[in-house]
Amino acid sequence: MKKFIAVLLSLLLVFSLAACGGNNNSNSGGSNEATEEATEETTEEATEEAGEAPDAATLVGESFIDPVGAWSQYDDLIAQIKSETDFAHRVELMHQAEDILMATQCVIPIYYYNDIYLQKDYVDGIYSNPYATKFFMYTKMSNGSDTLRLNLSSEPDYLDPALNSSVDGACLAANSFSGLYTYDSTGVPVPACADSYEVSDDGLTYTVKLKEGLKWSDGSDLTANDFVYSWKRAASDETGADYAYMFDNFKGFPDIDVSAPDATTFVFTLNAPCAYMEDLMAFPTFFPVKQSAVEGYADWQTSPGGWCQEAGFVSNGAYVCTGWNHDTSMTYEKNPYWYDADKVTVEKLEYMLSADDTAIYAAYNAGDLDFADSVPTDEVASLLDNPEFHIVDELGTYYVAFNCKSAIFEGKTPEQAACMREAFTIMIDRDYICENIGQTGQVIATSFIPYGMADGNGGIFNDDPENGYFDGMGVTNDPEGVAERARTLLKSAGYQFDDDGTLSADTPIQLEYLTNTTSGHIAIAESIQQDLATLGIELTIQQQDWNVFLEERKAGNFDFAREGWIADFNDPINMLEMWTTVSGNNDCQFGR
């Protein structure tokens, strides 16, 4: 009813005399000076009263650059941030980078993440870090079973830790591979394959001592040379890893400077000190893979992840994959050669592969699952007081994104395209999405970098969720004013409106929204569809299976898509470096 009333009010609006909102992204905090807002509003009113379309160049933020033709400026800024040794200045530069990113209006934050899952009361010891990676190796089962039955998602895209870029894939990697570091139950990085390390006085050279007696799951020795091979492979252009850019602070990148003076000593050198190196050493891209296993696959050079697309591949973590019925189930069994195997009491993990949260919920209620990482949206309210229903904080942002090269921007200047996207941004009713779809206390997002993230200099990058780039409650509190502001933005891009406030048939906007099939994502898509219909924008929703969805976004085969980014470590650079031109996670196609 709330959304119906909002739509009705907006449809009754005919050319309001006052425009709402100001020039977003005018400084590093995302806020605007009152005098600038007043000047802009006066200019817009005068322009519209004169019957002229406002100039899009006057409406974009001061930090705006062409996200296609001028994006090398952003790339250069990220490179500067990653080489900066003055950490206070580094924070300033990261604010500048977020200003540029948000001024494109391609990245549209919706809410800051939390995570929900169901876990039977006889299960204990499962934990998650702030980056949504779940750890099952220390699970205890008080019902007498030695098998944990669980669901994370549907068929994994990649099990090769160097190639994975999904949260569910990271969970599988963390339980079947071990890096130099891992996370404990409090979310703190702790040694895994590493025993200790030393850093040179200039903070650039790391000398890591490995644990004695490390083994692969086939019983062969795991040595420092395995890390040399694995890190060089992940950083190389030939592998094509989405996260290869994480190595660009390493000396010699992409042919990084890593070495193994002996079997238990691993050395690597950076270009600039890194405050989050332990987090990188715990990240899947930095996990070891066995060279003979990788290159034993017939087409390993053209299909680098092919070596672990069937059960039985060699790994070095707590569990090894012993069964894989594609699109249905996977079985992992305890690896007796893991360095901490004597603490593993659950002998087997049985994964149900499905993205159908209704089927997953039914299996959980029937007693066929002990752990479920997905809950149907229409069941959340009834589960809030259930002790088996868990809500945990995460460091990340649920957002939607535009392909900056979409055909819907054809014939528009970069500034006009940004104004079009800003109109979409302000029309989304985030309060409705959080309260009626999320339902678990999600906080409205008004910036891409989540509030509460450390700034790398002993402080918090953004300690106030309301201090962002737009008013997250704007369309809720002032639907008429925000709708008129959106019309002004669209008029600057050449669109016309009828007397009822909707787009003229002469200048329609029709586009497709891409999402995967989970009920919550579909509900959010439908909510956005309804919000935009207020202006007469025709949004169709295209649902795709998970793996197809990931590849289509990555390839830029979309106009508008649902997205989400949970941080890989607690530093803003992780949320910013993913948008460089060469990044495999640059779904918006910036600079391409």
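In this predicted model, D478 sits in the loop that separates α13 (474-477) from α14 (479-492). With a relative accessible area of 32%, D478 is partly exposed, and it belongs to a patch of negative charge on the surface, in which D463, D464, E466, D471, D478 and E480 gather.

The loop between β18 (443-444) and α13 holds A445, and this alanine is buried, its relative accessible area being 0%. Although 20 residues of sequence lie between the positions of A445 and P465, their C-alpha atoms are 6.6 Å apart in space.

Further along the chain, helix α15 (residues 519-533) comprises 15 residues and spans 21 Å from its first C-alpha to its last, which is close to the 21 Å expected at 1.5 Å a residue. The buried residues of this helix are G520, H521, I522, I524, A525, S527, I528, D531 and L532.

Some backbone details also deserve attention. The peptide bond joining F253 and P254 is cis, with omega at about 10°, and P254 is placed in the loop between α6 (224-235) and β11 (258-262). Q105, which is not a glycine, nevertheless has a positive phi of about 65°; this glutamine lies in the loop between α4 (87-103) and β1 (107-119) and counts as buried because its relative accessible area of 7% falls under 20%. Q589, likewise not a glycine, has a positive phi of about 70° and is found in the segment after α17 (573-576), where its relative accessibility of 8% makes Q589 buried as well.

Methods:
Residues are numbered from 1 along each chain as its sequence is written. This is a predicted model: local features need pLDDT of at least 70, side-chain atom pairs count only at pLDDT 80 or more; totals for chains, interfaces and linings use all residues. Side-chain values use heavy atoms; hydrogens and water are left out. Helices (H or I, at least four residues) and strands (E, at least two) are DSSP runs, numbered from the N terminus. The expected span of a helix is 1.5 Å times one less than its number of residues. Buried means under 20% relative accessible area, exposed over 50%, partly exposed in between (1.4 Å probe, protein chains only). Patches are made of residues with over 30% relative accessible area and no salt bridge: like charges are joined within 9 Å, nonpolar side chains (Val, Leu, Ile, Met, Phe, Trp, Tyr) within 5 Å. Accessible areas come from the Shrake-Rupley method with a 1.4 Å probe; for residues, only the protein chains shown count as cover. A salt bridge is a side-chain nitrogen of Lys or Arg within 4 Å of a carboxyl oxygen of Asp or Glu. Lys and Arg count as positive and Asp and Glu as negative; His and the chain ends are not counted. The place of a charge is taken as NZ of Lys, CZ of Arg, CG of Asp or CD of Glu.
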